[in-house]
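Colleague: Could you take a close look at one part of this model for me? I would like to hear about the place where two of the chains meet.

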Amino acid sequence: MSVDARALHRRKVWRNVGRYTLLTVLAVIVLFPIYITIVNSLLPARDIFQQPPKFFPTDPQFGSYREAWNAGHMGNYLKNSIIVTVIITTGQVVTAILAGYAFAILEFPFKRLLFVVFLATLMVPFEVTIVTNVSTISNLGWYDTYAGLAVPFLATGFGAFLMRQAFLTLPRELRDAAALDGYGHWRFLWRVAVPLARPAVAALSVFAFLAAWNQYLWPLLITKDDRLRTVQIGLKQLQSVSIDQVNVTFAGAIIAVIPLVILLLFFQKHLVRGLTAGAVKG
Amino acid sequence: MGRVALDHVSKRFDDVAAVDDLSLDVADEEFLVLLGPSGCGKSTALRMIAGLEDPTAGTITIGDRVVNDVEAKDRDISMVFQSYALYPHMTVRKNIEFPLRSRKVAVAEREQLVRDAAASLALEPLLDRKPAQLSGGQRQRVALARAIVRRPQAFLMDEPLSNLDAKLRVQTRAELVELQRRLSATVIYVTHDQVEAMTMGHRIAVLDGGVLQQVGAPQDVYARPANLFVARFIGSPPMNTVTGRIDRIDDTLVAQIPGGHIPLEAELASAVTASGVDEVVIGVRPEDLRFDTADGVPARVSVVESLGHERHVVCRLDDQQLVIVRQDAHDVPPVEQSPTFLVADPAALHVFDPASGNRIGV
Amino acid sequence: MAASGVTLTPARKRLRRREHGLAYLLLIPSLVIFGVFVFWPLVHNVYLGFFRNPPFPGLPSKYVGFDQYRDVLTSQTFVDSVKTTFLFAILTVPVGIALGLGLAILAHQKLRGIGVYRTFFSSTVATSVAVAAVIFGTLMNPQVGLLPWLGLTTNPAILQNPDWALIAVAVVTVWQTLGLTFILMAAGLQGVPDELFEAARVDGAGAWSRFWHVTLPMMSPTIFFAVVIGTIFALQSFGQIDILTQGGPLKKTNVLTYYIYDTLQRQSDPGKAAVLAVALFFFTLILALAQIRLLERRVSYER
């Protein structure tokens, strides 16, 4: 290399060192709470938050996880969350597919009005519905049941909007060809339209899963029985029960995080797509 | 204005060399075309001159200073991008003005420069529109106006005509050349279109696989291609090439090709012998071939394509290889499927070494 | 629909009607859910506000018309709660978006291994509000927490401190939503053509100028979306307050959602809760519409 190129190279290296340093510092700041949680979940009880704090578990104890899972009921809470979330996600996706197809492909009177009705649901904040919904659920006898936790959320305007967008991009000729081949709407929907709209279905699924998993206020209102608690409320319960066993509380927090980490490891791309679908429309 | 020089410039990505040891000197006020197929490194070379990429080796000089560690904004060059890269949220006026604002030019002077640039590209009526309201050709002129408003030392253009429709492209080609002459500007122009290269450049630099194949005036590159790649890339319809065995018939060096032989005249023959090859690739441009009734290489007329002002006659040799002959419209057209003979002007023969692809002889 | 001039044969009419029927059938599941759990509660909620609840459960509630609305909406607690809610939104939305955008810009550089950093910055999307609250709640605990080590002690402790509690909750909220904001901003940044940045570089624009003249305008639709949605979510924050401060200390974190919950569950006063919920609905709606009206003008949609 010539002298000039060497000097330039040196400058470039320093510039990159600066960039990586900044990035690393910020990443450490962002990750620190989770990191310290993992560390503390593995510390033996006596080491928790001694001053100065320990930043690395020299003698990791996994007992806190066992404790959180069994005695702390996190295993049970996790099971409940998974069941409820899967029910809600499936429901939202199915109703969204049905409604999206109707709005995108079919023609019928009051179509525009009904679409506005669907979109209007996005404008209604959850809190306005809780008073009535609690009593509705109670009257149906669904207090402390999976049904009560899931049924109010089986349909969303956002889902219908997303699937309508996806189905609108299907070429007209596909529908015509299918009609000539003797496919009615129902078979066309499930055999052709949905497979082709797979990215949108995946995006909606991830989005719905995330939202359902993170629900807090509703489970708090309609479950009292510890056996039905979802993982978010369960974590709150765990914290108040093991107030002096921080390692157990933290183990519970990590347990609550892991399923989402797994989900996002595989489906991060779809989450992005779901988000940008909203942003593009504005 | 100024000269631009690349001295043994390379750009490697891992172990692939996008640009391999490129040395090129662009003179002041010269219109130099970087020509080559996609992936040949021409755009990478342009971006290194602009400062958008750093070379892995070599030095780049603009004017009289080495600019390797000078940032793009301080290199005193402008660039016209293939997609024009106009700022969509700014009016035409603001787009043209933008390079001046970055350099803190006084307001009054700015307005004058913008007006001048807009005038030279007939953009005055469009100054308050946004790019979304303009046609492709208009957007391209805005991109040009933005480039010229600063009077940089050199203009870099990356396939600026490729997004225009064919008719507009021809018209804009001429306008670009006029603009360059008017501004006495140094222009480095990247394209994959050899017609653009031939018609616009003072010199053409042909690249393939990151390596410079040949640099010279259009006529030189056309008449004396340095290797097979250049020979086949430049010229439309492309040069006919045929591989032949070297042999002697009656004291004359010939190349044996399917169905016949091509005699090589004295200078060419001695160059071939000197190179020691026993196989050559003979190249002949379609306009240097003519039909004969008895002499020459036997061939069969396959398809006669009439273009109005000229004719392309596609023929097949004995082994079905295609040879294209260009005929003037006034000549008598041959009959399709009829046998004929092809004769080439011996001075118009190009001979290449099949192994290296390089030109042999004069 | 029917092209003008085309008469419909009975067969076509039947086909058309069948299509209508199918469409309604497809919409019914969603509409039933919406009807029962969204629209009916909305209407009923307004109606519930007309009934004042007795101080003792079991006694009938009394129709008071708009009196309850007037009383609740003019009460000092309500006004304070609204102020707290807005303050909370101001503390969380701009900061969250600025941080998300800043990190997205940093993670947009073409560096080796930048993907790893993008994963790190989006990691908080795996946390829920409860997880974040539990973690930070413990970290900010005066006995077992981390603050003494950092030198950030306050008296009283931060979550019981009326001056700092809301800020603490805001910090937790910003951290928890950072992942999602980052992902949204990063996706928006991807949509900006690289050539625009390159043209700006060649045109002589430095980093700040490029941010102001290219990044910000091109990102304006995404930022606009983030502001509107972010505000709506901020106004509906609940979980972290329930876990960290329960509306205290001294009602300094008593945002409207918590006030509603507290009124409904602890005070068993559905009538009052209904009034508060209607208030929240209107604030959300007005704020969203105001933002759309004010900001959409400044958003540049190209093409």
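How many residues does the contact take from chain A and from chain C?

Modeller: Happy to help! This is a predicted model, so to speak of local features we need pLDDT of at least 70, side-chain atom pairs count only at pLDDT 80 or more, and totals for chains, interfaces and linings use all residues. Residues are numbered from 1 along each chain as its sequence is written, and chains are lettered from A and ligands numbered from 1 in the order in which they are written.

The contact draws 68 residues from chain A and 74 residues from chain C; two residues are in contact if their C-beta atoms, placed from the backbone, lie within 7 Å. On the chain A side, at least two residues each come from α1 (3-41), α3 (74-105), α4 (111-120), α5 (126-139), α12 (231-241) and α13 (246-281). Of these, α13(A) gives the largest share, 14 residues. Helices here are DSSP runs of H or I with at least four residues, strands are E runs of at least two, and both are numbered from the N terminus. By type, the chain A side splits into 47 nonpolar, 17 polar and four charged residues. Nonpolar covers Ala, Val, Leu, Ile, Met, Phe, Trp, Tyr, Cys and Pro; charged means Asp, Glu, Lys and Arg; the others, Gly among them, are polar.

As for the partner, chain C has twelve helices and two strands, and its order from the N terminus is α-β-β-α-α-α-α-α-α-α-α-α-α-α. Its C-alpha atoms fill a box of roughly 80 × 70 × 30 Å along the principal axes.
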